[in-house]
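Work through the exercises below with the sequence and the model in view. Each task is followed by a solution in steps.

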Amino acid sequence: MSSATLPAKMPPRWGHRIDDDRRVDFVGYLFVAFFSVPFFLFNILPVFFGIYVGFTRWSIIGSPRWVGLDNFTQAFNDRWVWVGFENVLLYGLLIVPSVTVLGLVFALFVNRGYPLSGLARALFFAPNVVSATVIGLVWVWLLDTQYGLVNHYFSFFGVGAIPWLTSTQWSLVGVSIASVWWDLGLAFVLFLAALQDIPSDLTEAALVDGAGPWARLRFIILPHLRPVLSMVVTLQLISTLRIFSQVYVMTNGGPGVSSQSPIYYVYQVAIVRNLFGYASAIAMLLFIGILMLTLLQRFILSERA
Amino acid sequence: MNFLPNRLRNWLDERRMTAIDLPIWLIGMAVAFAWFAPFVWMVSTSLKYPSDVMTQDIEWLPHRVTLNNYIKVFDYPIVRWGLNSIIQAVTSTALSVLFGAMAGYALARLRFPGRDALFAIFLASLMIPTEVSIIPMLLGVIKLGWASSYQALILPTIGNVFSVYIFRQFFLSFPKEIEEAARVDGAGPLRLFFLIALPLARAPAIAATVILFTLNWNNFLWPLLVTFDESMKTLPVGIAAFTPVVGTHTQLEGFSVAMAAVTILSVPSLLLFFFLQRYFIQGISQGSLKQ
């Protein structure tokens with residue numbers, strides 16, 4: 001056997017070199033299938049099924065009855081739907097700016113790299129990793145009118161006991177406080193990652209030029225953070241639109257409907273009143289709002305890129 | 001800076017801090033500890049006698065300690081809920097990490113028609129909030145007769161795009177030579193993936209596992225909706241009923257028992273987080289920043 005008949009390397013068994021442009025790995029379909037089947041079955045199919053359900057009257061026992069646009073016209077005339085959207089607007093006004101500003105301030109602090117800043121980072125992020133049940137119950141206890149820690153420390157400033165969760169004026173504020181504590185972690189981490197991306201020669205050059213901390217914040221840090229800032233604001237807006245678990249655990253939407261949120265109302269319509277069609281229609285309206293916000297955010301981000 | 005004592009000044013210099021940095025540092029650290037204080041208060045309350053809880057004086061360290069609240073928690077089916085939570089979180093996480101790794105590998109390294117369109121669909125689906133599909137999904141699950149079952153708790157949580165994404169990112173920058181060499185040695189795609197690629201993908205695997213595990217462990221809305229049976233509840237759903245407030249919740253026990261319950265619930269997530277912080281924080285910022 002002469003050496004000329006043997007190729008320098010044995011050809012790979014599946015017939016092509018790895019960087020051959022014409023190869024087709026049909027086994028790829030098998031690899032993707034394990035993920036795709038549950039994904040399409042449980043993430044995508046229900047969305048389309050939900051559109052259909054939104055046009056029907058349907059309860060757990062019984063079969064669907066097509067009602068056309070009835071659910072949607074009913075939703076527009078439903079006072080509680082509007083209450084939900086009004087409340088979510090207030091939640092947004094309270095939660096989004098607080099999370100953004102506090103998250104940025106905490107990230108700026110940790111980014112200075114002081115001693116123990118790793119510990120500070122962990123402490124700021126920790127509430128983000130526990131369940132809504134933990135957040136809810138801990139804050140119900142902290143915000144207790146008579147024995148709560150918050151009112152205890154507030155009383156030093158001569159403020160009377162505030163019924164954070166048990167009065168219609170305050171319940172939404174009480175839930176928002178807990179939500180800010182819970183949600184801050186993500187904003188904080190995103191800001192921190194962006195701050196660490198700022199090239200160090202840029203800040204050093206500014207230092208050599210005698211830029212003070214304010215000038216550095218104004219002319220280097222904030223412009224650099226702009227895309228992340230818009231991302232944090234929209235992500236937080238979306239998660240505020242979806243606010244449910246903490247409302248459920250802390251106040252049950254009450255007292256009255258004072259801390260009710262749209263998803264909480266969807267839950268009530270579906271589970272308590274057993275109107276699955278109507279609940280789907282309301283969820284669909286909410287989805288349109290969330291989708292518009294997401295697209296707006298994508299648009300802003302791509303403008304900057 | 002002359003007003004500072006020498007030793008303090010040296011200490012600051014060693015850390016490249018100036019006199020202005022000192023108060024900023026002290027205040028910042030105080031805020032960080034205050035941010036964590038609710039957890040300390042939670043544990044402290046859980047160790048108090050119920051009669052010491054509802055008082056005006058604040059005791060960060062209880063003057064007498066009891067484990068009674070933790071024992072009382074077991075009057076409720078908390079062992080069963082815990083078991084459900086473990087089964088649900090472990091199975092969901094294991095399946096979504098494995099399937100995510102396979103899909104991520106295929107999307108990054110294998111070539112087949114429709115690959116990029118599929119990935120685009122995966123990414124676009126991130127814009128759909130779960131709340132939209134949750135009511136129709138519940139209806140479907142009930143009609144299938146799956147209410148209060150493990151398959152209903154587990155199956156809908158498997159298709160998590162985050163895990164595909166994080167593995168795809170990793171395998172995109174995976175050196176070609178390793179695969180090339182293995183192929184030359186005659187390894188088929190399955191062996192290549194399971195024996196070579198997957199064992200090298202430790203970092204994304206750990207990140208995906210810890211993040212998805214906490215996500216599944218803490219999942220609230222779906223288990224709340226789908227478990228009608230008390231014995232099929234998960235920990236977060238079961239313990240949520242411990243809220244001792246006005247409203248429609250039943251007044252079960254006092255705050256001390258409620259705090260013992262949430263301490264049990266939060267310890268796994270908090271421990272996992274403190275030990276694997278790096279993976280958490282990198283994974284989360286990667287997952288949401290670089291889409």
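**Exercise 1. Place A:Tyr153 and state how exposed it is.**

Step 1. A:Tyr153 has a relative accessible area of 33%, so it counts as partly exposed; buried means under 20% relative accessible area, exposed over 50%, and partly exposed in between (1.4 Å probe, protein chains only).

Step 2. The residue sits in helix H6 of chain A, residues 149-154. Helices are DSSP runs (H or I, at least four residues), numbered from the N terminus.

Step 3. A:Tyr153 contributes to a nonpolar surface patch of about 680 Å², together with A:Phe154, A:Phe156, A:Phe157, A:Val159, B:Val40 and B:Trp60. Patches are made of residues with over 30% relative accessible area and no salt bridge; like charges are joined within 9 Å, nonpolar side chains (Val, Leu, Ile, Met, Phe, Trp, Tyr) within 5 Å. Accessible areas come from the Shrake-Rupley method with a 1.4 Å probe, and for residues only the protein chains shown count as cover.

**Exercise 2. Judge the confidence of the model.**

Step 1. This is a predicted model in which local features need pLDDT of at least 70 and side-chain atom pairs count only at pLDDT 80 or more, while totals for chains, interfaces and linings use all residues. Residues are numbered from 1 along each chain as its sequence is written, chains are lettered from A and ligands numbered from 1 in the order in which they are written, and side-chain values use heavy atoms, with hydrogens and water left out.

Step 2. The model scores ipTM 0.90 and pTM 0.89.

Step 3. For chain B the mean pLDDT (the predictor's confidence in each residue, from 0 to 100) is 88, with 94% of residues at 70 or more. Residues 246-251 of chain B fall below 50, and this stretch has 11 contacts beyond near neighbours in sequence. Contact means heavy atoms within 4.5 Å.

Step 4. For chain A the mean is 87, and 92% of residues reach 70 or more. Over residues 1-6 of chain A the pLDDT stays under 50, and the model has zero contacts for them beyond four places in sequence.

**Exercise 3. Describe the interface of chain B and chain A.**

Step 1. In contact are 107 residues of chain B and 105 residues of chain A.

Step 2. About 9900 Å² is buried between the two chains, and carbon and sulfur atoms give 76% of it. Buried area is the accessible area (1.4 Å probe) that two parts lose on being put together, summed over both.

Step 3. B:Trp35, B:Arg111 and B:Arg183 supply 9% of the area that chain B buries against chain A, more than any other three residues.

Step 4. The rule finds one salt bridge across this interface; a salt bridge is a side-chain nitrogen of Lys or Arg within 4 Å of a carboxyl oxygen of Asp or Glu. Its partners are B:Asp21 and A:Arg112, whose closest N and O atoms are 3.0 Å apart.

**Exercise 4. Set the salt bridges in their surroundings.**

Step 1. Over all chains the structure holds four salt bridges. B:Asp21 lies in helix H2 (residues 21-46) of chain B and A:Arg112 in the loop between helix H3 (79-111) and helix H4 (117-125) of chain A, so this pair joins two chains. B:Asp21 is buried at 6% relative accessibility, whereas A:Arg112 is partly exposed at 46%.

Step 2. B:Arg64 and B:Asp52 form another, with the closest N and O atoms 2.9 Å apart. B:Arg64 belongs to the loop between helix H3 (50-53) and helix H4 (68-73) of chain B and B:Asp52 to helix H3, so the pair ties together parts 12 residues apart in sequence. B:Arg64 is partly exposed at 36%; B:Asp52 is buried at 14%.

Step 3. B:Glu230 and B:Lys233 also meet in a salt bridge, at 3.2 Å from N to O. Here B:Glu230 is partly exposed at 42% and B:Lys233 is buried at 16%.

**Exercise 5. Is B:Thr234 buried or exposed, and which residues is it in contact with?**

Step 1. B:Thr234 has a relative accessible area of 1%, so it is buried.

Step 2. It lies in the loop between helix H13 (221-226) and helix H14 (235-240) of chain B.

Step 3. Leaving aside neighbours within four places in sequence, B:Thr234 is in contact with B:Trp81, B:Asn84, B:Ser85, B:Gln88, B:Leu153 and B:Pro223.
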